[in-house]
Amino acid sequence: NAQKKTRPAYTDKTLARAIVAGLNPEERKLDLLMPRFDFNNEDTANLIAYLKTLSFERAPGVTDTHIHFATIFEKNIPNNEKRAMLRVFYEFIKTRNTDTRPRTRRAEHAPWNMSWHYESHRVWSFHPWEVSGPKDTWFSKMELQYAREPVFAIIGGMGVGDWTPVHEFCEKYAIPCLFPSTDLPPLTEKDFYSIYFSAGLALEARVLAKFLHKNKKTAIDANIIQIVQDTDRGKLPAKIFREQMKDYGFTAVTDFVIPAQGKPIADQATVNDLANKNNILVYWLDEKTISSSYKKFSNSKSQSYMSAGLIGIRQQLHKTNIKLVGSNYMIYPYVKPDKLEQNIQANFSWLKLRKIPIINEIMQANTLYALKLVNRAMKHISSNFSREYLIEKLEHLVRSIALSTVYPQLSLAPGQRFGSKG
């Protein structure tokens with residue numbers, strides 16, 4: 001009666017030796033099928049640290065039959081916008097669950113040699129989470145929601161203003177929060193679980209600064225004046241732009257602040273001064289305010305630049321009341337308007353086929369993109385329901401599969417959490 005042979009448990013030191021030299025804790029050579037990795041000490045330590053994060057426990061939001069997803073949106077988003085977004089979720093998940101229904105039956109009756117192939121199938125369940133009130137109350141409200149309805153990941157979502165409470169919640173609870181429609185995400189790429197289409201208004205500010213830097217002959221002798229709405233959405237890009245221009249050597253950037261309520265510039269003397277041909281005007285104003293203020297400058301000799309992101313949630317140049325004339329330009333973060341509809345025609349067809357009204361083309365296209373990408377990634381991870389593995393697959397799939405998007409290009413990688421780089 002031979003006793004089962006055991007070996008000592010691996011320590012960090014002996015595991016590192018197994019990875020690099022192929023020796024077990026007793027210093028016996030491992031089978032040649034076990035690869036040896038040419039890692040330095042730092043790479044080996046990083047790999048071991050990663051292995052320690054893995055768990056045998058099932059991730060929250062996953063049961064034997066279902067996998068749960070949520071989306072988050074602010075209560076003050078217009079109702080027709082919310083309904084339009086939620087219709088995309090409900091119709092996509094309904095279609096996905098219907099199309100994969102045969103896999104459920106196969107999982108129940110699969111032969112032993114194919115059970116692994118079907119056991120990964122789960123029915124998708126969807127939970128819309130609405131947040132309201134002061135931003136500093138959002139975190140506790142999401143904690144209560146998560147305690148009632150644990151979810152595997154949060155897909156999409158909508159917010160006007162600072163998205164930091166949602167970001168911090170996702171990082172604390174290690175929940176993938178994937179591609180929300182927000183133009184004020186936290187400007188960090190050190191965190192892991194939150195992925196965004198772009199840096200929003202901050203990206204627009206950086207793109208404009210880079211453009212003016214490349215056109216120094218025009219900008220070097222000009223007075224650069226920012227007309228800034230006194231809101232978070234106005235002040236943040238103004239701050240980023242000013243800092244970026246300072247890095248490029250432009251110090252003559254001044255701010256002209258407009259009250260948050262959007263009162264137009266009434267003083268004609270002020271208008272004449274700002275409209276001087278030696279000025280470059282940068283508007284960080286919402287659509288209502290810019291419509292009233294911009295008319296005063298539309299015939300001026302100064303250059304002017306305005307933010308597509310601030311014009312409204314729809315963020316579509318060809319659907320606004322702003323007409324670009326003379327030396328007036330739009331900072332536009334998407335595919336150019338004349339090519340936008342062609343780029344996302346497949347999304348329009350998908351929406352029309354399901355009789356979903358097209359209320360907000362950008363947001364609905366982004367929501368559909370996020371759902372398609374996550375669905376593809378879930379197929380790849382099979383029954384390995386790891387949130388970290390899901391994010392790793394998303395990093396690879398963004399560039400490797402062809403999905404219609406409103407952005408010129410999207411790419412992700414470890415340490416990169418904004419898909420569009422400008």
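**Close-up 1. Arg 242 and Asp 255 pair up in this predicted model.** Arg 242 is partly exposed, with a relative accessible area of 31%. Its partner, Asp 255, is partly exposed too, at 35%. The two side chains meet in a salt bridge, with 2.3 Å from N to O. Arg 242 belongs to helix 10, while Asp 255 sits in strand 7 (residues 253-258), and 13 residues separate them in the chain.

**Close-up 2. Helix 10 also holds Arg 233, which forms a salt bridge with Asp 183.** Here the N to O distance is 2.4 Å. Helix 10 covers residues 232-247, and Asp 183 lies in the loop between strand 4 (177-178) and strand 5 (194-195), so this pair ties together parts that are 50 residues apart in sequence. Are these two side chains buried or exposed? Arg 233 has a relative accessible area of 16% and Asp 183 has 8%; buried means under 20%, so both count as buried.

**Close-up 3. Asp 12 and Lys 52 link helix 1 to helix 2.** Their side chains make a salt bridge at 3.0 Å, N to O. Asp 12 is in helix 1 and Lys 52 is in helix 2 (residues 41-53), which puts them 40 residues apart. Lys 52 counts as exposed, with 55% relative accessibility, and Asp 12 as partly exposed, with 41%. If you go hunting for others, the whole structure has eleven salt bridges.

**Close-up 4. Val 20 joins a nonpolar patch on the surface.** Stay with helix 1 (residues 12-21) and you'll find Val 20 there. Val 20 is partly exposed, with a relative accessible area of 35%. The patch is made up of Val 20, Met 34, Phe 37 and Phe 39, and together they have about 290 Å² of accessible area.

**Close-up 5. Phe 69 sits in the largest nonpolar core.** In soluble globular proteins, nonpolar side chains tend to be buried together. This core has 67 residues, and Phe 69, Trp 124, Phe 152, Phe 179, Leu 373 and Met 378 touch the most other members. Helix 15 (residues 361-381) gives the most to this core, with twelve residues. What does Phe 69 touch, leaving aside residues up to four places away in sequence? Its contacts include Trp 124, Phe 126, His 127, Val 151, Phe 152, Val 374 and Met 378.

**Close-up 6. A second core stands separate.** This one has 42 residues, among them Ile 154, Leu 201, Leu 212 and Ile 224.

Technical notes: Residues numbered from 1 in each chain as written. Predicted model: local features only at pLDDT ≥ 70, side-chain atom pairs only at ≥ 80, totals over all residues. Heavy atoms only, no water. Core = buried A, V, L, I, M, F, W, Y, C linked by side-chain atoms within 4.5 Å. Buried < 20%, exposed > 50% of the residue type's maximum accessible area, 1.4 Å probe, protein only. Helix = DSSP H or I, 4+ residues; strand = E, 2+ residues; numbered from the N terminus. Contact = heavy atoms within 4.5 Å. Patch = residues over 30% accessible without salt bridge, like charges linked within 9 Å, V, L, I, M, F, W, Y side chains within 5 Å. Areas by Shrake-Rupley, 256 points an atom, 1.4 Å probe, with all protein chains shown as cover. Salt bridge = Lys/Arg side-chain N within 4 Å of Asp/Glu carboxyl O.
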